[in-house]
Amino acid sequence: MDVERLSAIPGKDGEYRHALENIKTLAENSVTEVRNLALLLRPSMLDDLGLVAALEWQAREVSKRTGMLVGLVEENVSDSLPEEHKTCVYRIVQEALNNCSKHAYAKHVQVTIRQKPGRLSLTIQDDGKGFDPVRARGLGLVGMTERVSQLNGILKVDSVAGRGTSLRVDLPLVSTPENRDRVAS
């Protein structure tokens, strides 16, 4: 705002005004980028619409942006999951889809999320080029492992060169009356 105020002061120096406009543009772009990053890290959709809707949106956006076909199967997933679980699943799917597109060159990805009494499971299966999960431990997989560990869950990666990758996450859930009712219905 100070830059905008300064650029409104009348003066003869066009270079001065031009430099201020450049600073203003950079500041506006920075704010936009920070907002976009915050949305990607924890989209407000998780709060507003729930995990499944946020994952559906993510699948559509990735498909549009990359041409990779992303399917989502949801079974009995409660809207009242703990916030940590929603964020964990969202970020893992986000990172996995990024890896499928950027590194695996997958054409099809299937994301399946299931809730059973006391458990939430996530499977992401792609038809990409595969990799050696023992040797190739990039930051994405390390981050996924840390997120899952924080929730006392298990992450398993199976991959075969030329045959794609399967990522499985199993997270324990604290039983609540709402979750029990949802599972029973």
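Biologist: Is Lys86 buried or exposed?

Modeller: Lys86 is buried, because its relative accessible area is 6% and the cut-off for buried is under 20%. Keep in mind that this is a predicted model.

Biologist: Where does Lys86 lie, and which residues is Lys86 in contact with, leaving aside its neighbours within four places in sequence?

Modeller: Lys86 belongs to helix H5, which covers residues 83-102. With those neighbours set aside, the contacts of Lys86 are Leu46, Leu51, Asp79 and Leu81.

Biologist: How are two packed helices described?

Modeller: Packed helices are described by two quantities, the angle between their axes and the distance between the axes. For H5 and H6, the angle is about 165° and the axes are 10 Å apart. H5 is therefore roughly antiparallel to H6, since angles over 145 degrees count that way. The crossing of H5 past H6 is left-handed.

Biologist: Which residues of H5 and H6 meet?

Modeller: From H5 come Thr87, Cys88, Arg91, Ile92, Glu95, Ala96 and Asn99. On the H6 side they meet Gly140, Met144, Arg147 and Val148.

Biologist: Take Val148 in H6. Is Val148 buried or exposed?

Modeller: Val148 sits in H6, residues 139-150, and counts as buried because its relative accessibility is 1%. Beyond its neighbours within four places in sequence, Val148 is in contact with Cys88 and Ile92, as well as Gly153, Ile154, Leu155, Val169 and Leu171. Cys88 and Ile92 are among the H5 residues that meet H6. A separation in sequence can also be set beside one in space: Val148 and His85 are 63 residues apart along the chain, with 9.0 Å between their C-alpha atoms.

Biologist: Now the strands. How many bridges join E1 to E2, and in which sense do E2 and E3 pair?

Modeller: Strand E1 (residues 69-75) and strand E2 (residues 108-116) run parallel and are joined by 7 bridges. One pair to look up is Gly71, which stands opposite Gln110 in E2. E2 and strand E3 (residues 119-126) pair in the antiparallel sense, over 8 bridges. There, Thr112 has Thr123 in E3 as its bridge partner.

Biologist: What do E2 and E3 form, and how many residues lie between them?

Modeller: The two strands form a hairpin with 2 residues between them. Gly118, in the turn, has a positive phi of about 80°.

Biologist: What unit do E1, H5 and E2 make?

Modeller: E1, H5 and E2 make a β-α-β unit, and that unit is left-handed. H5 thus appears twice in this reading: in the unit with E1 and E2, and packed with H6.

Notes:
Residues are numbered from 1 along each chain as its sequence is written. This is a predicted model: local features need pLDDT of at least 70, side-chain atom pairs count only at pLDDT 80 or more; totals for chains, interfaces and linings use all residues. Side-chain values use heavy atoms; hydrogens and water are left out. Helices (H or I, at least four residues) and strands (E, at least two) are DSSP runs, numbered from the N terminus. Buried means under 20% relative accessible area, exposed over 50%, partly exposed in between (1.4 Å probe, protein chains only). Contact means heavy atoms within 4.5 Å. Two strands pair if DSSP finds at least two bridges between them. A crossover is right-handed if, with the strands pointing away from the viewer, the path from the first strand over the helix to the second runs clockwise. Axes are lines fitted to C-alpha atoms, for helices over the stretch in contact, and angles run from 0 to 180 degrees between N-to-C directions. Angles under 35 degrees count as roughly parallel, over 145 as roughly antiparallel, 65 to 115 as roughly perpendicular and the rest as oblique. A crossing is left-handed if the near helix is turned anticlockwise from the far one by less than a right angle, and right-handed if clockwise.
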